[in-house]
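Open the model in your viewer and keep the selection panel handy. We will go from one element to the next, with a short note on what to look for at each stop.

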Amino acid sequence: MSISINAAFDSGNIVVESVDGTSARLSIRKDRDSDFFQWFHFRVACTVGDALDLAITGLSASAYPDGWPDYAVCASSDREHWFRLDTSYDSAAGTLTVRHTAESPILWLAYFAPYSMERHHDLVASVAECEGVTYRCLGTSLEGQPIDCLEMGTGDTQVWLYARQHPGESMAEWWMEGALEKLTDPADPHARSLRQKCRFHIIPNMNPDGSCRGHLRTNFAGVNLNREWDNPTPERSPEVLAARNAMDATGVDWAMDVHGDEAIPAVFLAGFEGIPSLKAGQTEKYKAFQSALAANTPDFQVDLGYVESAPGKANLSMSTTQLAERFGAVSMTIEMPFKDNRDLPDPVQGWSPERSKLLAHACLATLDQLI
């Protein structure tokens, strides 16, 4: 009997080109009205013991071809625990191949452990019930989904945390789950201290439409939200417009935009060094956070990362630079790997939901030290 492959579910994305017994040739559907593609998420129904041979083709034209070498596919049989499969990449053919002997009748495969919209709603509902937490809907997406914001803390320092502008970077919402768990833990001393000093505004998912549709990088309109912050519009990017309007109302002192990087096998920060109105104090606080985070967790490093912008040449359509320029904020983008962490590899899980959540704990402890 032949295996069957399906992606007709929340965040599903795969195109079945052909199936022959336990082998299949597949490709990835582009984001709607966009040329971006890299995220995949599908399930294979098979027989225990089947020698699965799954080839995802056409990847030379994907958004980040450098993301495929040394990458291993995420898989799960119960959709709770995710592990990595033996994976090879033929750069000449642009084909990623997974070979695996089936140990269960249904196997789920994804670019990274998915964070479903159902889990998102469970997270928002559970945190909204915690003492001292206020829920706000900042607006709606193009398809009418809420832009959820959870607020807590009684201090004067305005801190904004937001994730999944790029919906395929699902590790970002795992980070958010870790951050919210820590901040609402009544026994956690860092959380107690931070809630006294700060007012937190937390958007766990900036792009619910793209998340549900299985996009890598864009919203329903095919727009990259992290290139809209200088001029968001209701027609293209109501998600950004809603968030930025709320930030204008509160001001922003510290901000963290949570992402994943396809190619770089490390956790790193990107800052705002090229903004026109750069102030020495901003840079000092950003560098202090970077150094303290490196001391607080060995999962973070400062050697690998993006090239810094030249003075005055920052792209102000991106949130981190826009907030630094607009508010004088200490803003930053934190990037986690789709691949394994080069410095602390885990051959079973690679970079994982669990490590994403622990990184959030370290980031908040570091913030507590610096405020």
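Two strands pair if DSSP finds at least two bridges between them. Helices (H or I, at least four residues) and strands (E, at least two) are DSSP runs, numbered from the N terminus.

This is a predicted model, in which local features need pLDDT of at least 70 and side-chain atom pairs count only at pLDDT 80 or more, while totals for chains, interfaces and linings use all residues. Residues are numbered from 1 along each chain as its sequence is written, and side-chain values use heavy atoms, with hydrogens and water left out.

**Stop 1: the mixed sheet.** Select residues 23–27 and 51–56, which are β3 and β5; they run parallel and share 4 bridges. Put labels on Ala24 and on Leu54, its bridge partner in β5. Now widen the view to the open sheet of 5 strands, ordered β2-β3-β5-β9-β8, with mixed pairing. At its edges lie β2 (15–20) and β8 (87–90), each pairing on one side only. From one strand to the next, the twist averages 20°.

**Stop 2: the antiparallel sheet.** Another open sheet has 5 strands in the order β1-β4-β10-β6-β7, with antiparallel pairing. Its edge strands are β1 (4–6) and β7 (83–84). Zoom in on β6 (74–76) and β10 (106–110), an antiparallel pair with 3 bridges. Here Ala75 stands opposite Leu109 of β10.

**Stop 3: two helices side by side.** Select α1 (117–128) and α2 (171–183), whose axes are 11 Å apart at an angle of about 15°. (Axes are lines fitted to C-alpha atoms, for helices over the stretch in contact, and angles run from 0 to 180 degrees between N-to-C directions.) That angle makes α1 roughly parallel to α2, a label for angles under 35 degrees. Show side chains for the contact (heavy atoms within 4.5 Å): Arg119, His120, Leu123 and Val127 on α1 meet Glu173, Trp174, Glu177 and Leu180 on α2.

**Stop 4: helix α7.** Finally, select residues 319–327. Which residues of α7 are buried? They are Ser319, Thr320, Thr321, Gln322, Leu323 and Ala324, where buried means under 20% relative accessible area with a 1.4 Å probe, protein chains only. Add their cover to the selection, including β13 (157–163), α5 (238–250), β15 (254–261) and α6 (280–296). Just after α7 comes Gly328, with a positive phi near 70°.

Methods
Angles under 35 degrees count as roughly parallel, over 145 as roughly antiparallel, 65 to 115 as roughly perpendicular and the rest as oblique. Buried means under 20% relative accessible area, exposed over 50%, partly exposed in between (1.4 Å probe, protein chains only).
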